[in-house]
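Subject: Structure handover

Hello,

Here is the structure I promised to pass on. My notes follow below it.

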Amino acid sequence: MNKSILYSVKIGGYSVEIRNIENLIKSIKKLSKFNDYEIHLFYSNELKPEVIEYLNIFNDQHIKKFNKEKFSWFHWLNLTKEHSYNFKYTFLMHDDVFFVTRYFDEIFINEFENLNDLGVARFIDDTYKNRHYHPQLRGAFHIDRIKEDSRKYAIDYEYHNQKPGWNHRVYKLKKGLDLFTKNNSKVFNYLSKIYLKYNLLDFPKSKVQVHTCSTDLMALKSDNFRDLDLTDLDISHGLFADEDICLASQNQGFRNILSPKIHYIHDLPAPRVTRGHNNNQKDLIKVSKIFENKWGFPPVKLEKLSYADKKDLILKIETKYENKLTWTKNLYSYEWLNVNK
């Protein structure tokens, strides 16, 4: 094993912009300390012509490009597993993320090299600074989510000190300002303070154990990554792949970790709709069935269930997997579970 980090990037569909790829590459080249990395770009022919042209002519010693007519998400993950043998660590990345912390690679290695049971490592996504609701983690089985619908009211995790429903007021504020002018960021940032109290945001101070995070950026030890029993969800995008990867990690005895020492930005186009929203809706039923066949329970949003149904679902999962997947049920979302090692 002669290299440090493999950055494996799944480049999305027609909505990808050249600037997305440029920002990602520049952030790695500018902010990483070590020079023995590689960036692997996986892309299909479903991109805009100018993006394909850019990728075809782009040349860099640290970058390898892999082009096929179509790339399923599962195919990308398996190819990345094969490529990861020469790297101690593997970062799975969307094309629309970029780092903002200097020497993030050194920080990551120092944080996690002695953590043998590392599953998925997650960092702080500074997209929350756009004033909209961007929790660092996907929902788990926490007390406040089950009993108080904290995710529904945007008061889970780091947002638990905010007033319920603050996010809807911020969203309406932005939509109202957009009716007059699109260049309203200064006014929006000033007025949104009425609803979102930045001084009350509550991030962990050191690395903590978590249940599930998003696919936009997942950092893993390559050996552990190759051991993960992942599901072929039979689509080109990452619908439910985050849940599948994080569940597989925990089911196989690994811990998923959030570290507040590293920051990045997921360059989302809108506060409520991701680039893959239309594809997610189109493939929802098919992928839900595949997911349920694998795990024995559906990838349902708990907010759509009654309290009794939530409890029944947790019991069903716990009966099958013991405490591996439902360990958050005895914690509030903001009771960060510190990792000492």
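K163, R169, K172 and K197 form a positive surface patch. K163 sits in the loop between α5 and α6. It is exposed, at 67% relative accessible area. Please keep in mind that this is a predicted model.

Next, the salt bridges. A search of the whole structure gives 19 of them. Three pairs are worth a look on screen.

- E106 with K33: the closest N and O atoms are 2.9 Å apart. E106 belongs to helix α4 (residues 104–112), and K33 to the loop between α1 (18–31) and β2 (38–44), so the bridge ties together parts 73 residues apart in sequence. E106 is partly exposed at 22% relative accessibility. K33 is also partly exposed, at 41%.
- K294 with D244: here the closest N and O atoms are 3.7 Å apart. K294 is in helix α10 (residues 277–295) and D244 in helix α9, so this pair ties together parts that are 50 residues apart in sequence. K294 is partly exposed, with a relative accessible area of 26%. D244 is buried, at 2%.
- E318 with K329: the closest N and O atoms lie 2.7 Å apart. E318 is in helix α11 (residues 307–321), and K329 is in the loop between α11 and β10 (337–338), so the parts tied together are eleven residues apart in sequence. K329 is partly exposed at 30% relative accessible area.

There is also a network of salt bridges, which links E111, K207 and K261.

Now the cysteines. How many disulfides does the structure hold? Zero. Why is C213 not bonded to C246? The closest cysteine sulfur to that of C213 is in C246, 3.8 Å away, which is too far for a bond; the cut-off for a disulfide is 2.5 Å. C246 is likewise in no disulfide, with the sulfur of C213 as its nearest cysteine sulfur. C213 is buried, at 1% relative accessible area. C246 is buried too, at 0%.

Last, the backbone. Two residues to check are Y157 and D234. Y157 is not a glycine, yet its phi is positive, near 50°. It lies in the loop between α5 (143–148) and α6 (166–178). Is Y157 buried or exposed? At 3% relative accessibility, Y157 counts as buried. D234 is not a glycine either, and its phi is positive at about 60°. The loop between α8 (222–227) and α9 (241–251) holds D234. D234 counts as partly exposed, at 48% relative accessibility.

Best wishes

Key:
Residues are numbered from 1 along each chain as its sequence is written. This is a predicted model: local features need pLDDT of at least 70, side-chain atom pairs count only at pLDDT 80 or more; totals for chains, interfaces and linings use all residues. Side-chain values use heavy atoms; hydrogens and water are left out. Helices (H or I, at least four residues) and strands (E, at least two) are DSSP runs, numbered from the N terminus. Buried means under 20% relative accessible area, exposed over 50%, partly exposed in between (1.4 Å probe, protein chains only). Patches are made of residues with over 30% relative accessible area and no salt bridge: like charges are joined within 9 Å, nonpolar side chains (Val, Leu, Ile, Met, Phe, Trp, Tyr) within 5 Å. Accessible areas come from the Shrake-Rupley method with a 1.4 Å probe; for residues, only the protein chains shown count as cover. A salt bridge is a side-chain nitrogen of Lys or Arg within 4 Å of a carboxyl oxygen of Asp or Glu. Lys and Arg count as positive and Asp and Glu as negative; His and the chain ends are not counted. The place of a charge is taken as NZ of Lys, CZ of Arg, CG of Asp or CD of Glu.
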